[in-house]
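Open the model in your viewer and keep a selection prompt ready. Each stop below says what to select and what to look for.

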Amino acid sequence: MITQMLFRALDRKAIWLVAILIAIAVLVPASNLLLTVDNPLHVPTYAVTLFGKYLTYAILALALDLVWGYCGILSLGHGAFFALGGYAMGMYLMRQIGARGVYANPVLPDFMVFLNYKELPWFWLGFDQWWFAAIMIVLVPGLLAFVFGWFAFRSRVTGVYLSIITQALTYALLLAFFRNDMGFGGNNGLTDFKDILGQPIQAATTRGGLFAATAITLALSVLVCTTIVNSKLGKVMVAVRDAESRTRFLGYRVENVKLFAFVVSAVMAGIAGALYVPQVGIINPGEFEPSNSIEVVIWTAVGGRGTIVGPIIGAVLVNFGKTVFTGALPEYWLFALGGLFVFVTLFLPKGIVGTLRGWLPRRKPAAPAEQAPASLEPKAAE
């Protein structure tokens, strides 16, 4: 039954996108591990890590598009869910270091020894187990989104007011995680990871595995989002986006629809953050910066909100441009990003994918077989 529902919900574009992502998950690590360095098709290890980071950003942009593009909720705090998932993964990776840290303490991470912690805080318990960390990666962002959305949506906070509140949420978390007494490493955050699932985190095979896991997770995210937006619930989400008052008048519980989309989106963002941390090797309070959440909005707008493939394209293109631009003219990157957003707002309001979709000719429905052409119909008698 679930399989039938999934295939009914999928469209041709989503199937092609999932197939491409699965192929990328296989081919990129294989080209890195199996081909020699002098081979023109060889992908260096640093590029595998860089592309993997882009894919985590694509998951985050897709998560935002689910609530903004299809439900009309402009969240300026999705970076908070991304960072919380990253911290949950970072706590697991820190517990795997053990006695190999600078202070050789088998239980306490180095920053806790430096800050004179006598015992492990209670909220760190269990993070030495992978299954517990995996649950927290999903549970913590999802629970925060549920509590926040429960009060916000039932209070009918909408529009710019909701956007400001979400930005205030991520800023409050930024200030909290900067404190040393919070037990999350303060300003320095969590870093110096050694292993993940018993494998050296710096090894090329591990890097390839992380890239493959990220690409497959993105493919699964595409499946989940496509299934939701093409279902009856997805149609109600679009109705909430376009005419919330009318949708409520028709008897739908608008707050429940918003809450569902918001929680699913937060969980996706948390998973993206968890995949991001082992590939970049660090997580610190800077990930809570409100500017990071605003960047996610720009990726989604550039690619085209209200589409599945648009946010993925936008995230990859903008971050690839950031990599190139910051290497050549780092001091001008923020000006370029702002100019890009203004350009898209003025000239590509539907984003890249939405604009291209508008340019393509639409297939006209065929005339019914029993209807005769107009030129063959008998003329009315005068």
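**Stop 1: helix α2**

Select Ile-20, which sits in helix α2. Helices are DSSP runs of H or I with at least four residues, strands are runs of E with at least two, and both are numbered from the N terminus. The model is predicted: local features need pLDDT of at least 70, side-chain atom pairs count only at pLDDT 80 or more, and totals for chains, interfaces and linings use all residues. Residues are numbered from 1 along each chain as its sequence is written, and side-chain values use heavy atoms, with hydrogens and water left out.

Is Ile-20 buried or exposed? Neither: its relative accessibility is 45%, so Ile-20 counts as partly exposed. The cut-offs are under 20% relative accessible area for buried, over 50% for exposed, and partly exposed in between (1.4 Å probe, protein chains only). Now add Ala-215 and draw a C-alpha to C-alpha distance. It reads 9.6 Å in space, for residues 195 apart in sequence.

Widen the selection to residues 12-34, the whole of α2. At 1.5 Å a residue, its 23 residues should span 33 Å; the end C-alpha atoms are 32 Å apart, which agrees. The expected span is 1.5 Å times one less than the number of residues.

Colour the buried residues of α2: Ala-14, Leu-17, Val-18, Leu-21, Ala-25, Val-28, Pro-29, Ser-31 and Asn-32. Keep the helical repeat in mind here. An α-helix has 3.6 residues a turn, so residues three or four places apart point the same way. What covers these buried residues? The cover includes α3 (45-68), α8 (204-229) and α13 (309-328). Contact here means heavy atoms within 4.5 Å.

**Stop 2: a nonpolar patch**

Select Trp-131, Ile-135, Leu-139, Leu-143, Phe-146, Val-147, Trp-150 and Phe-151, and show the surface. Together they make a nonpolar surface patch of about 820 Å². Such a patch takes residues with over 30% relative accessible area and no salt bridge, with nonpolar side chains (Val, Leu, Ile, Met, Phe, Trp, Tyr) joined within 5 Å. Areas come from the Shrake-Rupley method with a 1.4 Å probe.

Zoom in on Phe-151. It belongs to helix α6 (residues 130-154). Its relative accessibility is 56%, so Phe-151 counts as exposed.

**Stop 3: salt bridges**

How many salt bridges are there? The count comes to eight. The rule asks for a side-chain nitrogen of Lys or Arg within 4 Å of a carboxyl oxygen of Asp or Glu.

Select Arg-179 and Asp-181. Their side chains form a salt bridge, 2.8 Å from N to O. Arg-179 is partly exposed at 47%, and Asp-181 is exposed at 51%.

Move on to Glu-244 and Lys-258, bridged at 3.0 Å, N to O. This pair links distant parts of the chain: Glu-244 lies in helix α10 (residues 244-249) and Lys-258 in helix α11 (residues 254-280), 14 residues apart. Both residues are buried. Add Arg-248 to see a network of salt bridges linking Glu-244, Arg-248 and Lys-258.

Then pick Arg-253 and Glu-255. Their closest N and O atoms are 2.8 Å apart, in another salt bridge. Glu-255 counts as buried, at 13% relative accessibility.

**Stop 4: aromatic rings**

The whole structure holds 22 aromatic pairs. Rings of Phe, Tyr and Trp (its six-membered ring) pair if their centres lie within 6.5 Å; planes under 30 degrees apart count as stacked, over 60 as edge-to-face and the rest as tilted.

Select Tyr-57 and Trp-299. The ring centres are 4.9 Å apart and the planes meet at 45°, so this pair is tilted. Tyr-57 is in helix α3 and Trp-299 in helix α12 (residues 290-303), 242 residues apart. Both are buried.

Next, take Phe-177 and Phe-184. This pair is stacked, at 4.7 Å centre to centre with 25° between the planes. Phe-177 is buried at 6%, as is Phe-184 at 11%. Expand to the cluster that ring pairs build from Tyr-87, Trp-122, Phe-123, Phe-177, Phe-184 and Phe-288.

**Stop 5: positive phi**

Most residues other than glycine have a negative phi. Select Asn-116, which is not a glycine yet has a positive phi of about 65°. Asn-116 lies in the loop between α5 (110-114) and α6, and counts as exposed at 57%.

Finish at Leu-197. Its phi is also positive, near 55°. Leu-197 sits in the loop between β2 (195-196) and β3 (199-200).

How values were computed: Patch = residues over 30% accessible without salt bridge, like charges linked within 9 Å, V, L, I, M, F, W, Y side chains within 5 Å.
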